Amino acid sequence: MTPDIVLHQVFAGLTSGAIYASLAVALVMVWRSTHHLNFAQGEMAMFSTYVALALIESGLGYWSAFFLTLVLSLGVSMVIERVIVAPISRAQPLASVIVFVALLSIFHSLASWLFTPVLREFPSPFPAGALPGFPYLNGHAAGVVALTLVELAAVALFFRFTRLGLALRAVAQNPQSSLLVGIPAGRMLALGWGLAGMVGAVAGLMIAPIVYLDPNMMAGVLLYGFAASLLGGIDNPWGAAAGGLIVGLLDALVGAWLVGPELKLSFALAIIVAVLLVRPAGLFGRATVIRV
């Protein structure tokens with residue numbers, strides 16, 4: 001095993017980890033706002049990617065289609081929260097699981113029906129080929145890492161320095177008290193879902209040029225996103241982002257060589273089981289103690 005091969009694997013793992021980080025942050029945002037695990041997050045991202053491709057093929061430029069897709073993802077996710085998720089907020093956990101699995105099936109079926117299940121190429125906005133003087137990253141991989149860092153910085157600034165971000169944090173921590181001080185908790189929860197839809201859509205748009213676009217492309221990525229969010233801490237978005245990078249590196253260095261491509265998804269499941277057994281709160285999460 002030469003140093004060049006190791007470095008190639010490390011940077012490939014960082015690229016994958018950046019995508020896992022985006023999806024993990026989206027999962028954590030949904031969890032913090034509604035305490036539900038959105039099993040349809042990957043399919044929603046996949047559907048958003050198909051919408052972006054349709055906009056590009058209609059003649060829109062890549063970045064115009066990119067930002068319009070994010071706006072549409074925001075709106076659709078907010079509608080889903082108000083129409084489907086909010087009515088089951090007090091339902092039994094099994095009911096919410098069934099609803100999210102149904103959402104997953106709906107988006108998957110809609111994508112297959114509207115866009116056909118044929119593998120399709122998705123354009124990359126970044127230059128092809130390796131970076132000049134740095135053969136370990138190609139243009140798209142470098143763009144994915146850079147865009148993920150910009151996205152995470154924007155999310156951090158939004159939650160820390162804007163009134164809407166502070167209101168969202170307040171509602172996530174204590175919805176009842178937020179209502180008492182005049183914060184519209186329902187609208188804030190819908191906005192949290194919308195932002196999660198946007199962040200998840202970025203993951204879909206970034207991975208599509210790597211794996212090709214088809215209705216099944218996010219199935220494995222969602223599993224890695226769950227592993228990343230649990231490893232970093234399901235209640236900590238920045239921990240989830242770090243978890244995504246860690247999972248990407250582990251998959252590239254350990255999963256690829258010791259496990260093999262045939263069992264890659266089993267490696268993600270092994271991470272989930274190990275975290276739940278050893279440290280359920282995750283590396284950067286906080287254990288919640290309830291006095292009874």
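**Threonine 116**

I began with the exposure of threonine 116 in this predicted model. Its relative accessibility is 39%, so I noted threonine 116 as partly exposed. I then looked up where it sits. Threonine 116 lies in the loop between helix 4 and strand 1 (130-131). I also checked its backbone. Phi of threonine 116 is near 70°, which is a positive value in a residue other than glycine.

**Tyrosine 212**

I turned to tyrosine 212 next. It is not a glycine, yet its phi is positive, at about 75°. I located tyrosine 212 in the loop between helix 8 (185-211) and helix 9. Is tyrosine 212 buried or exposed? I found neither: its relative accessible area is 41%, and that makes tyrosine 212 partly exposed.

**Helix 6 on helix 8**

Helix 8 led me to its contact with helix 6 (residues 163-173). I read an angle of about 105° between the two, with the axes 9 Å apart. Angles of 65 to 115 degrees count as roughly perpendicular. I therefore entered helix 6 as roughly perpendicular to helix 8. From helix 6, the contact uses Leu164, Ala167, Leu168 and Val171. From helix 8, I listed Ala185, Met188, Leu189, Leu191, Gly192 and Leu195. I sorted the residues of this contact of helix 6 with helix 8 by class: 9 are nonpolar, 1 is polar and none is charged.

**Helix 9 on helix 11**

I went on to helix 9 (residues 219-232) and helix 11 (residues 264-278). They pack at an angle of about 25°, and their axes are 9 Å apart. That angle makes helix 9 roughly parallel to helix 11. I noted the crossing of helix 9 and helix 11 as left-handed. Which residues of helix 9 meet helix 11? I found Gly220, Leu223, Tyr224, Phe226, Ala227, Leu230 and Leu231. Their partners in helix 11 are Lys264, Leu265, Ala268, Leu269, Ile271, Ile272, Val275 and Leu276. I split the residues of this contact of helix 9 with helix 11 into 13 nonpolar, 1 polar and 1 charged.

**Arginine 279**

I followed the chain to the segment after helix 11, where arginine 279 is found. Arginine 279 has a relative accessible area of 41%, so I marked it as partly exposed. Leaving out residues up to four places away in sequence, I saw arginine 279 touch Ala274 and Gly285. I also took a long distance across the model. The C-alpha atoms of arginine 279 and valine 51 are separated by 39 Å, and these residues are 228 apart along the chain.

**Aromatic pairs**

I closed with the rings. How many aromatic pairs does a search of the whole structure find? I counted 14. I looked at phenylalanine 47 and phenylalanine 107 among them. Their ring centres are 5.6 Å apart and their planes stand at 65°, so I called the pair edge-to-face. Phenylalanine 47 lies in helix 2 (residues 41-57) and phenylalanine 107 in helix 4 (residues 93-115), so this pair ties together parts that are 60 residues apart in sequence. I found both phenylalanine 47 and phenylalanine 107 buried.

Phenylalanine 66 and phenylalanine 67 gave me another edge-to-face pair, at 5.2 Å centre to centre and 85° between the planes. Phenylalanine 66 is buried, with a relative accessible area of 4%. I then traced the ring pairs onward. They link Tyr62, Trp63, Phe66, Phe67, Phe122 and Phe126 into a cluster.

Methods: Residues numbered from 1 in each chain as written. Predicted model: local features only at pLDDT ≥ 70, side-chain atom pairs only at ≥ 80, totals over all residues. Heavy atoms only, no water. Axes fitted to C-alpha atoms, helices over the stretch in contact; angles between N-to-C directions. Helix = DSSP H or I, 4+ residues; strand = E, 2+ residues; numbered from the N terminus. Parallel < 35°, antiparallel > 145°, perpendicular 65-115°, else oblique. Left-handed = near helix turned anticlockwise from the far one by under 90°. Contact = heavy atoms within 4.5 Å. Nonpolar A, V, L, I, M, F, W, Y, C, P; charged D, E, K, R; others polar. Phe/Tyr/Trp six-rings, centres within 6.5 Å; stacked < 30°, edge-to-face > 60°. Buried < 20%, exposed > 50% of the residue type's maximum accessible area, 1.4 Å probe, protein only.
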